[in-house]
Amino acid sequence: MEKNMNNYGNIIREARLNSNLTIAELAEKVDISDRYLLKIENENKLPSNKALKKIINILMIDANSLYYDNINLTLDDYDFICRKLKNCNQYELSIIKATLNAILDKK
């Protein structure tokens, strides 16, 4: 079932907050005005395709979650982990990889 497009703003706002980005920071990364981003988040303005693509990539939003009610990956643990991994340096990633291998090899 298709999702009500009014959820765009809520999903984007939640993903932005989970990524610890301010309105100004995300707007700058997407190359849009703060005001335009505020309208997307708070007034349910549909972003342009170009802006939406950038927002999805920057915030690592599953595009399906924007369109379908039964898919909402912006709230789950997988999405949280992906956001955190994006901020890791090479050393931290190697530790995480080794830890995952140790955990998953026990199964």
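The largest pocket of this predicted model has a volume of about 190 Å³. Its lining is formed by N18, S19, N20, L21, K29, I58, L59, M60, R83, K84, K86 and N87. Two elements, α4 (49-59) and α6, each give two or more residues to this lining. Helix α6 makes the greatest contribution, with three residues.

Helix α6, which spans residues 77-86, also holds L85. The relative accessible area of L85 is 31%, so this residue is classed as partly exposed rather than buried, a class that requires a value under 20%. L85 belongs to a nonpolar surface patch together with F80 and I81. The combined accessible area of the three patch residues is about 260 Å².

At the level of the whole protein chain, the secondary structure consists of seven helices and zero strands. The order of elements from the N terminus is accordingly α-α-α-α-α-α-α. The protein chain comprises 107 residues, of which 29% count as buried. About 7300 Å² of the protein chain is exposed, and carbon and sulfur atoms account for 53% of this area. With regard to contacts between residues at least 6 apart in sequence, 56% connect residues at least 24 apart.

Two residues with charged side chains were examined in further detail. R16 is located in helix α1, which covers residues 7-18. The relative accessibility of R16 is 7%, and this residue therefore counts as buried, the limit for that class being under 20%. When neighbours within four places in sequence are set aside, the contacts of R16 are L21, T22, I23, L26, L37, E41 and L59. Among these contacts, L21 and L59 also appear in the lining of the largest pocket.

E41 is situated in helix α3, formed by residues 34-42. Its relative accessibility is 2%, so E41 is likewise assigned to the buried class. Beyond the neighbours within four places in sequence, E41 is in contact with G9, N10, I12, R13, R16 and I23. Of these partners, R16 lies in helix α1, and the contact between E41 and R16 thus links helix α3 to helix α1, by the criterion of heavy atoms within 4.5 Å. I23 is in contact with E41 and is also listed among the contacts of R16.

Note on methods. Residues numbered from 1 in each chain as written. Predicted model: local features only at pLDDT ≥ 70, side-chain atom pairs only at ≥ 80, totals over all residues. Heavy atoms only, no water. Patch = residues over 30% accessible without salt bridge, like charges linked within 9 Å, V, L, I, M, F, W, Y side chains within 5 Å. Areas by Shrake-Rupley, 256 points an atom, 1.4 Å probe, with all protein chains shown as cover. Salt bridge = Lys/Arg side-chain N within 4 Å of Asp/Glu carboxyl O. Helix = DSSP H or I, 4+ residues; strand = E, 2+ residues; numbered from the N terminus. Buried < 20%, exposed > 50% of the residue type's maximum accessible area, 1.4 Å probe, protein only. 1 Å grid on protein atoms, 1.4 Å probe; cavity = no way out; pocket = protein on both sides within 12 Å on 5 of 7 lines; lining within 4 Å. Points joined across faces, edges and corners; volume = space filled by probe spheres on them.
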